[in-house]
Amino acid sequence: MIPILTATNISKEFISTEPLGLFKRSTKKTAALNNISFSIEKPTVLAVIGANGAGKTTLLKLLLGLVEPTKGEIKLLGYDPYRERKKIINQLGFVSGQKRMLNPDLTAYDYISVSSLFYELEPQEIETRLHHLSELFEVTHRLHSLVRNLSLGETIKFEIIASIIHKPRVLFLDEPTIGLDFSSQSTIVSLLKQYHEEENVTILLTSHYAKIFKLFPKNSL
Ligand SMILES: Nc1ncnc2c1ncn2[C@@H]1O[C@H](COP(=O)(O)OP(=O)(O)OP(=O)(O)O)[C@@H](O)[C@H]1O
Ligand SMILES: [Mg+2]
């Protein structure tokens, strides 16, 4: 069976330019990741924990195929995510705790219903799944509220629902619990674990909270 994910000796170096006086620019190299290897053989929930600047977002960008590794190889669902992104994009979901996807001027219901059409789902299928996921994530009572009026915890839950409406096989979450208290963090993690049990989806989330280790007794990098 093809492993879900293999990362072999991946490194990422960013090259950026910075102004040096009026007319000159200097080139700066930043080693964001250095020789990382790991693999996920079967559906699991995994936490990647690291300090600010450790390279967590860079790792997710590499796995999602948004940037190319400087060295090494990544295979996600059997494909190179950078070169063959189109072949797997519909099987991936992504949530960023730092960047909002939901439009604050719409209700969560309207935003998710409309954005789901990109996945070529039937409207009835979207409706059924949206109601099921809202029940699972305990936000049915907030479905028709404007996104701007939701609490942070509710917003994150709807961001997660929007990213799994199309039943991805792999879900990446970059700091999904940022800004939440420990009790809300553990609620989000246990709901994700519940969703993993239900759909057998692979979930990889990043965090810089060392305490979140406690919620992942075995599965942490
Ligand atoms: N596009 C870029 N150009 C240049 N340097 C970058 C770029 N993206 C990230 N970096 C650098 O790579 C390193 C890792 O950054 P990254 O954002 O992956 O860390 P992180 O673990 O997600 O941090 P945080 O917890 O603060 O989100 C940092 O030193 C950062 O400045
Ligand atoms: Mg980050």
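**Notes on the predicted model: β7 and its surroundings**

1. Let's start with strand β7, residues 202–207: six of its six residues are buried, so the strand is largely enclosed by the rest of the structure. Bear in mind that this is a predicted model. The burial holds for both faces of β7, with T202, L204 and T206 covered on one side and I203, L205 and S207 covered on the other.

2. What does β7 pair with? One partner is strand β3 (residues 45–49), which runs parallel to β7 over five bridges. Strand β6 (residues 170–174) is also a parallel partner, again with five bridges to β7. T206 is a handy place to look at both pairings: V48 stands opposite T206, and so does D174. From β6 the chain passes through helix α6 (residues 182–199) before reaching β7, and this β-α-β crossover is right-handed.

3. On the way into that crossover, have a look at L180, which sits in the loop between β6 and α6. Buried or exposed? L180 has 18 C-beta neighbours inside 10 Å, so it counts as partly exposed; the cut-off for buried is 20 or more. Leaving out residues up to four places away in sequence, L180 touches L152, G153, Q185 and I188. Its C-alpha atom is 14 Å from that of S190, which is 10 residues away along the chain.

4. Now for the nonpolar core. The largest one has 43 residues, and L63, I161 and F172 have the most contacts inside it. Helix α5 (residues 152–164) is the biggest contributor to this core, giving six residues. As general background, nonpolar side chains tend to be buried together in soluble globular proteins. F172 is a good residue to click on: setting aside residues up to four places away in sequence, it touches L60, L63, L64, F94 and L204.

5. Helix α1 deserves a point of its own. Seven of its eight residues are buried, so to speak mostly covered. The buried set is K56, T58, L59, L60, K61, L62 and L63, and you'll notice that two lysines, K56 and K61, are in it. Which elements do these buried residues pack against? They pack against β1, β2, β3, β4 (71–76), β6 and β7. Just after α1, G65 takes a positive phi of about 80°.

6. I10 belongs to strand β1. With 21 C-beta neighbours inside 10 Å, I10 counts as buried. Beyond residues up to four places away in sequence, I10 touches L33, I36, L62, P69, K71, G72 and I74. For a sense of scale, the C-alpha atoms of I10 and S186 are separated by 31 Å, with these positions 176 residues apart along the chain.

7. Finally, ligand 1. How many residues surround it? There are 13, and the closest are F14, A32, N52, T57 and T58. At least two residues of the shell come from each of β1 (5–20), β2 (24–40) and α1 (56–63), with α1 supplying the largest share, three residues. By type, the shell divides into three nonpolar, nine polar and one charged. T58 ties two of these points together: it is among the closest residues to ligand 1, and it is also one of the buried residues of α1.

Terms used:
Residues numbered from 1 in each chain as written. Chains lettered and ligands numbered in written order. Predicted model: local features only at pLDDT ≥ 70, side-chain atom pairs only at ≥ 80, totals over all residues. Buried ≥ 20, exposed ≤ 12 C-beta atoms within 10 Å, placed from the backbone. Helix = DSSP H or I, 4+ residues; strand = E, 2+ residues; numbered from the N terminus. Pairing = 2+ DSSP bridges. Right-handed = clockwise from strand over helix to strand, strands pointing away. Near = placed C-beta within 6 Å. Nonpolar A, V, L, I, M, F, W, Y, C, P; charged D, E, K, R; others polar. Core = buried A, V, L, I, M, F, W, Y, C linked by C-beta atoms within 7 Å. Contact = placed C-beta atoms within 7 Å.
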